[in-house]
Amino acid sequence: MHDQSLPEGLHPDTLAVRQATARSAWGEHSEALYLTSSFVQSDCASAAERFANAELGYTYTRTGNPTVASFEQRLAAMEGAQCAIATSTGMSAILLLALTVLKSGDHIVASQSMFGSTIKLLGSEMARFGIETTFVSQTDVAAWQAAIRPNTRLLFAETPTNPLTDLCDIAALADLAHAHGALLAVDNSFSSPVLQRPAQLGADLVVYSGTKLLDGQGRVMAGAVCGSRALVEKVMAPFMRCAGLNLSPFNAWVVLKGLETLALRVKAQSAAALELAAWLEQHPKVSRVYYPGLASHPQHELAMRQQGGLGGTVLAFDVAGQGAEQLRAHAFHVVDSTRLCSITANLGDVKTTITHPASTSHGRLSEEQRQAAGLGQGLIRISVGLEHLNDLKADLLRGLDTLP
Ligand SMILES: *Cc1c(COP(=O)(O)O)cnc(C)c1O
């Protein structure tokens, strides 16, 4: 019989289409979708064995499912991590991480420019369980160092940030964490393992919102944490089995198939984003472009080193104007004049999305907080998809060329 097991030492691009749990007896070519809540046992003795040791076989989908395991194995292989554990959303991945590696009395140091729900979860929600978080500058390693206390157990970073594309130096933060007996976790949702593999740069845990680039076609919610066997299999998996933050097999199957085209999508979307960013930089009604792939980005050199020479799929720009009111009107005009781009907060999709962060994702901040974050009323964020660039440029020109 043909040996189905994969040879050693395969490239991540190969693992992205090949790594999965073994085929069933039917020999299906595309990975099977095991949409079942429980598994039938052949007799009492084997049921007893499996209930006592989840690694021996499947019993109930909350404690394990082959489709979910396929997604976990494929993502871990692409990340170059020992293990991955799948969760229902990106936020439940962060919750799982916090509830397993931390305990009451522990302290977190995290970037102040992270995803809004992450700031709320790690900041105010965790405080009720006696876990305190200090938020520091995204780019300043010295500020991270100064915030570390004897009880600091976790450094949590996200790079690049949304929407201003500021980077963290992952290797420097890993060294800092380890010098103080803490763990470094990196939210890699914005970059995917195609741009950067934080575990290879020293991060202990890598968190994903699979809802973004991993699915890539805006269909399902998903999340994951990647890391060592000691943390993921020994600490997180037992908690998961009773906590029920699971990814559904259907969503796992969708994201599993998304991983097969991830490298192609991320490379093509990053190339398009670079061209669009350079083109926007030349437009007289654009005052500033934020994109790590541009030489004008303050951390361009770090980005090229850390992100495999790619700038990523997300860019932002400021429209020209004077004062908050006019800037907001100008930004609204450019966004509302598009007919192709989707006005929606999701990102990492093959369909290009456009947003006005100051009135949506960052709308709850005070004007003062937004100013401090450098997030003005004239700012527009674009997550670049796979449409033809000429059509995207024409879509943006509809508004840019008709500004007063
Ligand atoms: C979307 C997002 C999350 C949250 O993921 P959900 O799947 O929406 O729960 C976390 N971090 C980053 C960077 C994100 O973009």
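Me: Let me start with a definition: domain bounds come from an automatic or database domain assignment. Which domains does that give for the protein here?

Reply: This is a predicted model, and its domain assignment gives domain 1 (12-259) and domain 2 (263-400). Taken over C-alpha atoms, the centres of domain 1 and domain 2 are separated by 28 Å. The contact between them takes 31 residues from domain 1 and 33 residues from domain 2.

Me: Good, that helps. What makes the largest cavity a place that lies between domains?

Reply: Look at who supplies its lining. Pro160, Thr165, Phe190, Ser191, Leu195, Pro292, Gln307, Gly311, Gly312, Thr313 and Val314 line the largest cavity. Domain 1 (12-259) and domain 2 (263-400) both give residues to this lining, so the cavity lies between them.

Me: And why is it called a cavity and not a pocket?

Reply: The word depends on the way out: a 1.4 Å probe fits in a cavity but cannot get out, whereas a pocket is an open set of points. A search of the whole structure finds 1 cavity of 30 Å³ or more, and about 50 Å³ of space lies in the largest cavity.

Me: How do you know how many residues of that cavity lining are nonpolar, polar or charged?

Reply: By class, the lining has 5 nonpolar, 6 polar and no charged residues. Pro, Phe, Leu and Val count as nonpolar, and Gly counts as polar, so Gly311 and Gly312 of the lining go to the polar class.

Me: Pro160 is in that lining. What is the peptide bond from Thr159 to Pro160 like, cis or trans?

Reply: The bond from Thr159 to Pro160 is cis, with omega near -5 degrees. Pro160 is found in the loop between strand 4 (152-158) and helix 7 (170-179). That loop also holds Pro163, and a cis peptide bond joins Asn162 and Pro163, with omega about 0 degrees. As background, most peptide bonds are trans.

Me: What is there to say about the phi of Thr165?

Reply: Thr165 has a positive phi of about 60 degrees although it is not a glycine. Most residues other than glycine have a negative phi. Thr165 is found in the loop between strand 4 and helix 7, and Thr165 also lines the largest cavity.

Me: Now for the pockets. How do you know where the largest pocket lies in relation to domain 1 and domain 2?

Reply: The reasoning matches that for the cavity. Domain 1 (12-259) and domain 2 (263-400) both give residues to the lining of the largest pocket, so it lies between them. The pocket has a volume of about 1300 Å³. Of the 45 residues that line it, Met114, Phe115, Gly116, Ser117 and His362 are the closest to its centre. Helix 5 gives the most to this lining, with 7 residues. The lining divides into 18 nonpolar, 20 polar and 7 charged residues.

Me: Which residues are around the ligand, and what makes a contact with it polar?

Reply: The ligand is surrounded by Thr89, Gly90, Met91, Phe115, Glu158, Asp187, Ser189, Ser209, Thr211, Lys212, Met221 and Ala222. A polar contact needs a pair of N or O atoms within 3.5 Å. An oxygen atom of the ligand lies 2.9 Å from a backbone N or O atom of Met91. A polar side-chain atom of Thr211 is 2.6 Å from a ligand oxygen, and for the side chain of Lys212 the distance from an N or O atom to a ligand oxygen is 2.7 Å. Each of these values is within 3.5 Å, so Met91, Thr211 and Lys212 qualify.

Me: Where does Glu72 lie, and which residues is it in contact with?

Reply: Glu72 lies in helix 3 (residues 66-79). Contact means heavy atoms within 4.5 Å, and, leaving aside neighbours within four places in sequence, Glu72 meets that test with Ala84, Ile85 and Ala86. Glu72 and Ala252 are 180 residues apart in sequence and 8.6 Å apart in space, C-alpha to C-alpha.

Me: Which residues lie nearest the centre of the second largest pocket?

Reply: They are Ala69, Glu72, Ala84, Ala237 and Arg241, out of 29 lining residues. About 730 Å³ of space lies in this second largest pocket. Helix 9 gives the most to its lining, with 6 residues, while helix 3 and strand 1 (83-87) each supply at least two.

Notes. Residues numbered from 1 in each chain as written. Predicted model: local features only at pLDDT ≥ 70, side-chain atom pairs only at ≥ 80, totals over all residues. Heavy atoms only, no water. Helix = DSSP H or I, 4+ residues; strand = E, 2+ residues; numbered from the N terminus. 1 Å grid on protein atoms, 1.4 Å probe; cavity = no way out; pocket = protein on both sides within 12 Å on 5 of 7 lines; lining within 4 Å. Points joined across faces, edges and corners; volume = space filled by probe spheres on them. Near = heavy atom within 4 Å. Polar contact = N/O pair within 3.5 Å; in protein donor to acceptor, adjacent residues only side chain to side chain.
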